[in-house]
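Good morning, and thank you for coming. I would like to introduce a structure that is new to this group.

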Amino acid sequence: MSDTKTNKVVTKSKSGEKEKTSKICISCGKVIKGQFVRALGEVYHLDCFRCIDCDEVCVSKFFPYKEDGITRPLCETDYFRRLDLICAKCGGALRGPHINALNKKYHLDHFTCTM
Ligand SMILES: [Zn+2]
Ligand SMILES: [Zn+2]
Ligand SMILES: [Zn+2]
C-alpha cells in the first residue's frame with residue numbers, strides 16, 4: 001500500500017540532490033541542462049563533445065588523445081591520422097592489419113597494382 005509511495009519519494013530526493021550539483025561543460029564552461037556526455041573524466045554538452053581536429057560531434061565513437069596534459073576527444077579518422085594510420089587509397093582508418101609500401105599505408109584489399 002505505501003510501498004509505491006516510498007519508492008517514489010526516494011527517487012525524487014535522489015534527482016533533487018543531483019540537480020543541486022550543477023554540471024559545467026568543460027568545453028564551453030556553461031551549465032549543463034538536459035543531455036550530457038560523461039567522458040575523459042569530464043562532462044560535456046552532447047553538442048560540445050567534438051573532435052579537436054575536424055570539429056565534428058563524436059559522441060558515439062571517439063578516441064582519447066592526450067596533448068599538453070589534457071585529454072581531448074578525437075574522432076576515429078583523426079585519431080588514426082595522428083598515428084599516421086590512414087589508408088593512402090581510401091583515406092580511412094587502418095584499424096587492422098595493413099600494408100606498408102613506399103612510405104604509404106593501405107588496407108590489405110586497397111593495395112592494388114596501379115600501373
Ligand atoms: Zn558545452
Ligand atoms: Zn575528427
Ligand atoms: Zn583503404
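A word on terms before the overview: helices and strands here are DSSP runs, with at least four residues for a helix and at least two for a strand, numbered from the N terminus. Please keep in mind that this is a predicted model.

In what order do the elements follow one another along the sequence? The protein chain reads α-β-β-β-β-β-β-α-β-β. In total, there are 2 helices and 8 strands.

Next, the chain as a whole. Of its 115 residues, 16% are buried. Among contacts with a separation of 6 or more, 8% are between residues 24 or more positions apart.

Let me now turn to the last two letters of that pattern. Strand E7 covers residues 98–101 and strand E8 covers residues 104–107. The two run antiparallel and are joined by 4 bridges. Together, E7 and E8 form a hairpin, with 2 residues between them. Alanine 101 stands opposite lysine 104 of E8. In the turn, leucine 102 has a positive phi of about 50 degrees.

My final example is glutamine 35. This residue is located in the loop that lies between strand E2, residues 31–32, and strand E3, residues 36–39. Is glutamine 35 buried or exposed? A residue counts as exposed if 12 or fewer other C-beta atoms lie within 10 Å of its own. Glutamine 35 has 9 within 10 Å and is therefore exposed. Its C-alpha atom is separated by 6.2 Å from that of leucine 46, and the two residues are 11 residues apart along the chain.

Thank you for your attention.

Methods: Residues numbered from 1 in each chain as written. Chains lettered and ligands numbered in written order. Predicted model: local features only at pLDDT ≥ 70, side-chain atom pairs only at ≥ 80, totals over all residues. Pairing = 2+ DSSP bridges. Buried ≥ 20, exposed ≤ 12 C-beta atoms within 10 Å, placed from the backbone. Contact = placed C-beta atoms within 7 Å.
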